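The questions below are meant to be read with the sequence and the three-dimensional model in view. Each answer works step by step towards a name or a value.

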Amino acid sequence: MSRYAPVPFPSVKLEGQFWHERLDTVLDRTVPSQHKKLGEYGILDSLKLPNPPPPLRFPRHPNGFTVQVFWDSDVGKWIEAASYALAHRRDADIEAKIEAAIDDLEKAQAPDGYLNCWYLGREPEKRWTNLRDNHEMYNAGHLLEGAVAYFQVTGRRRFLDIMERYLDHIYAEFGTGPGQRRGYDGHEEIELALMKLYYLTGEKKHLDFATYLINERGRQPPHYFDWERDQREGGDASQRYVFGNYEYSQSHKPVREQDKVVGHAVRAMYLYTAMADLAAELGDADLKRACEVLWDDVMQTKMYVTAGLGPSAHNEGFTHDFDLPNQTAYAETCASVALIFWAQRMLHLDLDGKYADILELAMYNGALSGLSRDGEHYFYANPLESDGTPTRWDWHTCPCCTMNVSRLVASVGGYFLSTAADGVAFHLYGGIASDVEISGTRVSLREVSNYPWSGDITIHVDPETPKTFDVKLRIPGWCSDAKLAVNGEAVDVSSATAGYATINRLWTTGDVVTLTLPMPPVRLYAHPGVIMDAGRVALKRGPLVYCLEEADNGEGRVQRLKLPRSAELRAETDKNLFGGIVKLHADGRAIEEADFSELYRTAPPTETSSTLTAIPYYLWANRNQGSMVVWIPEAVG
Ligand SMILES: [Zn+2]
């Protein structure tokens, strides 16, 4: 089978209501308001060197760390998101703001190419002394992604030139050659950014350095972070890293030997994304196998039903198998966004719908929940249960998630389609139009649907001249009774392999494919190992996970509601809520509090009938503050 490659987002027009509306919000509100916040918090000023830096806004943690060390990355991510926005709609004001930031970065860059505004502004003598904690290469990676995006959209090279100078400095400093340090960053990111630059330029040195970073990670003895600490602190063991382990940064063993997903969740996902990129590029079977083993580990034991990752706030990451608490779930928005990156890379290593299923799950649930309806409020952590305390915030001391979700939405079209020499594959649905080239023939594709609310999908395939090729349609893993037809003639879906139904025929203009993906509401049960979900049930319809929110379910916390196992689940379109959504209803029970005056008593609580109303999880916390639950207590019988 030919290798499939994604159709880039500027070539995919979002016409469906769901993504069109999200995209407009990000363009109109999120990107401009994020720039305002970068200004208010002093992040843009931090680029203006050699001004003496103002007092620290966020004081150092006792271990010496402050979130300000990665402010460059916030600027890089904003430029990336804003560049994607420009691809949809040129905007002179946004372009001027990007250019102003690039001016500052250009002026800040040291004569030898080094460019990290934290170190240049505050402690230039300490650069490259703490890769373990201080994110220098991570910052470089995000700036590089911004530079690549800005170049791709505008054709302007200046930022890319700045970053290539910086990379030449990094390549001279680090490596396996004489006099070089064998360092790599504690927070992975630059690896996947280098792969983007390599795909853009074809220059092998970028591929080589990404390969070096991946190969070097976890090599010991000596472990680079220990060697570096000894250089920095004269071997003072009391100056230990707050996490005190290598797993936190996935540097506990060489990546090809890693078989358990550990540590900081975002770091892990960025690493695995780059590993999958490199596995594909180098044809490295061991690296691919490691990716597959790690994928299975996270899918079988460590992922929330929403595709949230990392239960613990302590390490912002993974703990042990089946540890998936709901109310205290960390499930950082960035981690679900990064899971989408990884899933997309895995999908292009093997065109297997199991990867697209997770890509879609994360997209519609764990990632999208991080952005409010108004486009200006966010979640960093995405719990699956709430007593009503958490609210969305308009910024964060560590604003990583804000621009991660905006850059995702602004480029979401890039996840829908892939092409190969002999075909096109549809991974996601939701109303798109794209002109692609297959075997030298221009083919106009138009997918019309009201997905994810409806699974009725029509695809118009219009080649310039009649042509034989594959049209591959993902049959989601959640769908058990898909129907497919070409020009009204049924196609047998049971022949679908690896989650894709393939139609190979001579396509001529006017051909129409209809795909019907029934999406009845379903109950999901967790593996009994997930003790937090024992006796509970989650609701899902199509790709959307649902939750009960207080705003729809009367007074009192939603935790007092129970869903009988036999209750019918009814889907209902509500045109007035959130611009039109599908809600779920069921006849359930409510535990009454009013007659329960003691803390404990021998008589069971009174239960009354109650209609349960569920909304999609990604929409929670967009109305009044209130309780929320994804895993609903189940009444059996
Ligand atoms: Zn984040």
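**Cavities, a metal site and a helix**

In this predicted model, the largest cavity has a volume of about 80 Å³.

Q: Which helix gives the largest share of the lining of the largest cavity?
A: The residues that line the largest cavity include Gln17, Phe18, Glu21 and Arg22, as well as Trp453 and Tyr618. Four residues of the lining come from one helix, which spans residues 17-40. The largest share therefore belongs, given that helices are numbered from the N terminus, to helix α1.

Q: How many cavities of 30 Å³ or more are there?
A: Rolling a probe the size of a water molecule over the atoms shows where empty space is left. With a cut-off of 30 Å³ or more, the number of cavities is three.

Q: What is the arrangement of the four donor atoms around the zinc ion?
A: The zinc ion has as protein donors Glu332 through OE, and Cys334, Cys400 and Cys401 through SG, at 2.0 to 2.3 Å. Four donors count as tetrahedral if all angles lie between 85 and 135 degrees. Because the angles here are 97 to 121 degrees, the arrangement is tetrahedral.

Q: How many residues apart are Glu332 and Cys400?
A: The spacing of the zinc donors in sequence is E-x1-C-x65-C-C. Glu332 lies in the loop between α12 and α13, whereas Cys400 belongs to helix α15, so that the pair links distant parts of the chain. Both Glu332 and Cys400 are buried. Their separation along the chain is 68 residues.

Q: What distance does helix α7 reach from its first C-alpha to its last?
A: Helix α7 covers residues 158-173 and has 16 residues. At 1.5 Å a residue, the expected value is 22 Å. The model comes close to this, with a reach of 23 Å.

Q: Which elements are among those that cover the buried residues of α7?
A: Among the buried residues of α7 are Phe159, Ile162, Met163, Tyr166 and Ile170. An α-helix has 3.6 residues a turn, so residues three or four places apart point the same way. The cover over the buried residues of α7 includes α2, α3, α6, α8 and α9.

Q: Is Gly499 buried, partly exposed or exposed?
A: Gly499 is found in the loop between β11 and β12, and it touches Gly353, Leu473, Arg474 and Ile475. Buried would require under 20% relative accessible area, and exposed over 50%. Because its relative accessibility is 24%, Gly499 counts as partly exposed.

Technical notes: Residues numbered from 1 in each chain as written. Predicted model: local features only at pLDDT ≥ 70, side-chain atom pairs only at ≥ 80, totals over all residues. Heavy atoms only, no water. Donors = N, O, S within 2.8 Å, 3.2 Å for Na, K, Ca; no water. Tetrahedral: all angles 85-135°; square planar, octahedral: opposite > 155°, others 65-115°. Helix = DSSP H or I, 4+ residues; strand = E, 2+ residues; numbered from the N terminus. Buried < 20%, exposed > 50% of the residue type's maximum accessible area, 1.4 Å probe, protein only. Expected span 1.5 Å × (residues − 1). Contact = heavy atoms within 4.5 Å. 1 Å grid on protein atoms, 1.4 Å probe; cavity = no way out; pocket = protein on both sides within 12 Å on 5 of 7 lines; lining within 4 Å. Points joined across faces, edges and corners; volume = space filled by probe spheres on them.
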